[in-house]
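Here is my note for you as you start reading this entry. Please keep the sequence and the 3D view side by side while you work through the numbered points.

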Amino acid sequence: MDTIVICSGGLDSVSLVHKVAAEQNLRGLLSFDYGQRHVKEVAYAAACAERLGVPHKVVDIANVGAALSGSALTDDVDVPDGHYAEDTMKLTIVPNRNAIMLTIAFGMAAAEKADAVAAAVHGGDHFIYPDCRPDFINAFQAMQDHALEGVAEIKLYTPFVEISKADIVTEGARHGTPFAETWSCYKGGEVHCGRCGTCVERREAFHLAGVADPTEYADTEFWKSAVGVA
């Protein structure tokens with residue numbers, strides 16, 4: 001399949017890019033600036049595209065992001081520390097974010113006559129983010145089948161939707177993903193904070209996968225107490 005990958009620059013999406021590059025025809029990468037405080041992640045997506053020699057487009061939807069107020073990712077709200085499995089992480093929900101991004105991506109794929117759009121939603125996101133769950137993915141595909149009927153047939157490719165972050169690390173390592181060249185931290189500082197939900201999940205994933213974590217964290221020990229590791 002000629003596949004466009006939605007790539008934030010994070011561990012999951014960059015691993016997906018390398019999987020698609022190895023197994024399909026990677027048409028290009030698509031990133032979004034939705035006003036996120038960790039917008040530096042987009043630079044990692046750009047570096048990934050350059051490394052693999054494919055086009056990279058960035059769509060500015062910051063005004064849309066500003067309208068979806070209340071999230072710690074886009075507003076002046078502190079990003080909570082802790083594990084993703086805590087209710088406090090719901091502060092990081094940006095309502096309809098994936099639905100908006102996917103809709104744009106499908107329109108772009110139709111215009112460019114691509115076969116598929118790939119997104120790195122995964123099993124670890126299900127608890128917090130409703131637009132990462134299998135039911136949403138299936139419903140979105142059905143909606144796009146109607147929206148593009150007679151215009152294009154685009155497949156939503158989500159190979160990680162039922163697996164864990166640790167499984168993604170394993171899969172990423174299999175395809176030679178340069179994990180050091182990815183950005184996860186929601187706080188967007190000089191280095192990964194090591195305390196926010198996505199940093200804790202990232203560090204735990206490497207631990208569970210048995211893969212060396214090349215990430216520099218400001219707090220290297222917090223994840224242990226957050227996940228209950230001695």
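1. How much space lies in the largest cavity? Before answering, please keep in mind that the model is predicted. The space in the largest cavity comes to about 580 Å³, and this cavity is one of two in the structure that reach 30 Å³ or more.

2. The largest cavity is lined by 32 residues, and those closest to its centre are Ser 8, Asp 12, Ser 13, Arg 97 and Asn 98. If you would rather begin from the secondary structure, look for α1, β2, α4 (97-111) and α7 (197-209), which are the elements that give two or more residues to this lining. Helix α4 gives the most, with four residues.

3. What kinds of residue make up the lining of the largest cavity? There are 16 nonpolar residues, together with ten polar and six charged ones.

4. The second largest cavity has a volume of about 50 Å³, and you can find it by selecting its lining residues, which are Tyr 34, Ile 61, Val 64, Gly 65, Leu 68, Val 94, Arg 97, Ile 100 and Met 101. Note that Arg 97 is also listed among the residues closest to the centre of the largest cavity, so please mark it in both views.5. Which elements supply at least two residues each to the lining of the second largest cavity? They are α3 (62-67) and α4, and the largest share, three residues, comes from α4. By residue type, this lining divides into seven nonpolar residues, one polar and one charged.

6. Turning to the sheet, you will see five strands that form an open sheet with parallel pairing, in the order β3-β2-β1-β4-β5. The strands at its edges are β3 and β5 (155-157), each of which pairs on one side only. On average, and with direction ignored, neighbouring strands of this sheet are turned by 25° against each other.

7. Helix α2 (residues 41-52) packs on this sheet, where it touches β2 and β3, and its direction makes about 165° with that of β2.

8. Within the sheet, please look at strand β1 (residues 2-6) and strand β2 (residues 25-33), which pair in the parallel sense over five bridges. One pair to locate is Ile 4 with its bridge partner in β2, Gly 28. Between these two strands the chain passes through helix α1 (residues 11-23), and this β-α-β crossover is right-handed.

9. Where does β2 find a further partner? It pairs with strand β3 (residues 56-60), again in the parallel sense and over five bridges, and here Leu 29 stands opposite His 56 in β3.

Conventions:
Residues are numbered from 1 along each chain as its sequence is written. This is a predicted model: local features need pLDDT of at least 70, side-chain atom pairs count only at pLDDT 80 or more; totals for chains, interfaces and linings use all residues. Side-chain values use heavy atoms; hydrogens and water are left out. Two strands pair if DSSP finds at least two bridges between them. A crossover is right-handed if, with the strands pointing away from the viewer, the path from the first strand over the helix to the second runs clockwise. On a 1 Å grid over the protein atoms alone, a cavity is a set of points where a 1.4 Å probe fits but cannot get out, and a pocket is an open set with protein on both sides within 12 Å along at least five of seven lines; lining residues have an atom within 4 Å of a point. Grid points are joined across faces, edges and corners, and a volume is the space filled by probe spheres set on the points. Ala, Val, Leu, Ile, Met, Phe, Trp, Tyr, Cys and Pro count as nonpolar, Asp, Glu, Lys and Arg as charged, and the others, Gly among them, as polar. Axes are lines fitted to C-alpha atoms, for helices over the stretch in contact, and angles run from 0 to 180 degrees between N-to-C directions. Contact means heavy atoms within 4.5 Å.
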